[in-house]
Each structure stands twice: as structure tokens, then as C-alpha cells.
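Reader: I would like a close look at a single part of this model, the place where the ligand sits. Please take me through its surroundings in one connected account.

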Amino acid sequence: MRMRKKKHREDRIENCKEYQIENLEAFREDPCSVFPNPGPIHIEIGCGKGKFITQMGQKYPNINFVAIEKCPDVILMAMEKVKEAGLTNVKFIIGDAKILSDSMKDHSFERLYLNFSDPWKKSGQKKRRLTYRDFLAIYERILIPGGELHFKTDNRKLFEFSLNEFADCDLKMRNITFDLHNSRFEENVMTEYETLFAEQGMPIYRCEVIFRQNEEE
Ligand SMILES: C[S@@+](CC[C@H](N)C(=O)[O-])C[C@H]1O[C@@H](n2cnc3c(N)ncnc32)[C@H](O)[C@@H]1O
């Protein structure tokens, strides 16, 4: 998602200051400390303009959400949406998903969402895909035992690659669909990209991954 620098970007980010997690060290040590109310924490990596995370925050007020997005011009719009909705259970990190790998407290999160992640089409780029095994190892460490990854994409090749990565890492999968919008899955919350693809009649691929409860599994 390439975008021209937004007018008054810094001022607009400053206006949403209470939604941004700036002290990453404190967050890594105690992720709950950034929320006013206790609750399980779900993360979305690559939240884009924030349609999904805003709706999730509204739909599930007892869950706390952290949205990570590396593009400041895009996350700015997400933060403004959440501010306008008056939510206190959604916070944002401006940065790369890699921040999760650096001394993040183990077993901090209950669920992780990857929605329409960049496919990194060339095979030489596979290590950058957010479903590559090295990322799965990070997710396994930071999610609670039995925690889940919910993954949606429009890209069939990325979906096939991801299913193989999940299988190679001996992870359980469920609710796999190759056509989400014509499936029986009812809980779906649409993202910006998903809305565009759905308007073009494109199939959406989705699956859930369940991480291990314990070492023996
Ligand atoms: C194709 S867009 C999808 C946006 C949104 N999830 C949706 O479905 O509408 C992918 C987004 O993920 C962000 N992104 C990609 N890789 C990332 C990473 N490693 N860390 C943080 N954000 C990332 C991009 O900047 C972009 O905004």
C-alpha cells in the first residue's frame, strides 16, 4: 500500500496520541498495562486503515486489541477511526511486526490476526511472508498455549504456501475455506481489502491455526 505523505501527518498522529503505544519497552514487559481494563489481548499485524480492528473493538468490548502497522500514513487513518468510535480497548503500534520478536514477554496474547498480508510473490522473498515458519515460531512463543492465528487472504499462492508452513510446523488447522463469503462461517468481520475484493467477486481464503497447548502435542 504506497501512499503520499498525508498533510499534517505529525499533528494528526499527535491528536491520536492516547491510542498509540510509544513506550515499547513497558509494553513488552507488561502488555496489559497499556489498557484501562483487563482482558485477553488480540493482535492484528498490518491493520491498514483500521476497518477490521475498529469493528472488532466495537463488537468485543471485553477484549483488548493491539494493531501493528508499519506505514504511518495508513495507521493514522486507523487511529482516527478508533478515536472517532471512542474505543478504549484498541491501541496501535507504528512499526514492523518484527518488534514482536524482540524481548516480548512470552504468552502475552490470546489471538493474532493476519488479514491480506503482503504476499511477497518471489520465492526468494518467502522469509518475509508473515506466515513463514520463523514468524510462526515467534507467534507460538508470544501467544498463550492453545492461542490462535486467524488468517485471511485473496492470494491463493500465499494461502497454499501458508497451509504448507502450518503443516510443516505440526500446527492444527480448522475452519479452512477457499471461499469464505460462500461458506457457513458467520463471524466474519470485513477488512478494507476484503471489501474491495468481494466487490470484484474474488474468492477469499481463510483458516484458523491453533498453537500447541503443551510440549507433547
Ligand atoms: C495489503 S494491506 C492489507 C490491509 C488490511 N489488513 C486490510 O485487509 O484491508 C497489508 C498491510 O500490512 C502492512 N504490513 C505489511 N507487512 C508488515 C509488517 N511486517 N509489519 C507491519 N505492517 C505490515 C502494510 O503496510 C499494509 O498496510
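Author: A pocket, as the word is used here, is an open set of grid points, on a 1 Å grid over the protein atoms alone, with protein on both sides within 12 Å along at least five of seven lines, and a molecule is said to sit in such a pocket if more than half of its atoms lie within 2 Å of its grid points. In this predicted model, the space taken by the ligand is the largest pocket, whose volume comes to about 910 Å³.

The lining of that largest pocket is made up of 39 residues, and those lying nearest its centre are G46, K70, S117, D118 and L130. Two or more residues of this lining come from each of the elements β1 (41-45), α3 (51-59), β2 (64-69), α5 (133-142) and α7 (192-199), and it is α7 that gives the most, with 3 residues. Sorted by class, the lining of the largest pocket holds 16 nonpolar, 9 polar and 14 charged residues.

Turning from the pocket to the ligand itself, one finds 17 residues surrounding the ligand, with G46, E69, A97, T191 and Y193 as the closest. By class, this shell consists of 6 nonpolar, 5 polar and 6 charged residues. G46 thus appears both among the residues closest to the ligand and among those nearest the centre of the largest pocket.

Polar contacts can be named atom by atom. A nitrogen atom of the ligand lies 3.3 Å from an N or O atom in the side chain of D96, whereas at N115 it is a polar backbone atom that a ligand nitrogen approaches, at 2.9 Å. The backbone of Y193 also takes part, since one of its polar atoms is 2.9 Å from an oxygen atom of the ligand. Taken alone, the ligand exposes 590 Å², and the protein buries 94% of that area.

A further pocket can be set beside this one. The second largest pocket contains about 200 Å³ of space, and of the 15 residues that line it, Y113, H150, F185, E187 and R206 are the closest to its centre. Here the elements that each give two or more residues to the lining are α3, β4 (109-115), β5 (143-153) and β7 (205-210), so that α3 contributes in this way to the second largest pocket as well as to the largest one. The lining of the second largest pocket has, by class, 7 nonpolar, 3 polar and 5 charged residues.

Terms used: Residues numbered from 1 in each chain as written. Predicted model: local features only at pLDDT ≥ 70, side-chain atom pairs only at ≥ 80, totals over all residues. Heavy atoms only, no water. Near = heavy atom within 4 Å. Polar contact = N/O pair within 3.5 Å; in protein donor to acceptor, adjacent residues only side chain to side chain. Areas by Shrake-Rupley, 256 points an atom, 1.4 Å probe, with all protein chains shown as cover. 1 Å grid on protein atoms, 1.4 Å probe; cavity = no way out; pocket = protein on both sides within 12 Å on 5 of 7 lines; lining within 4 Å. Nonpolar A, V, L, I, M, F, W, Y, C, P; charged D, E, K, R; others polar. Points joined across faces, edges and corners; volume = space filled by probe spheres on them. Helix = DSSP H or I, 4+ residues; strand = E, 2+ residues; numbered from the N terminus.
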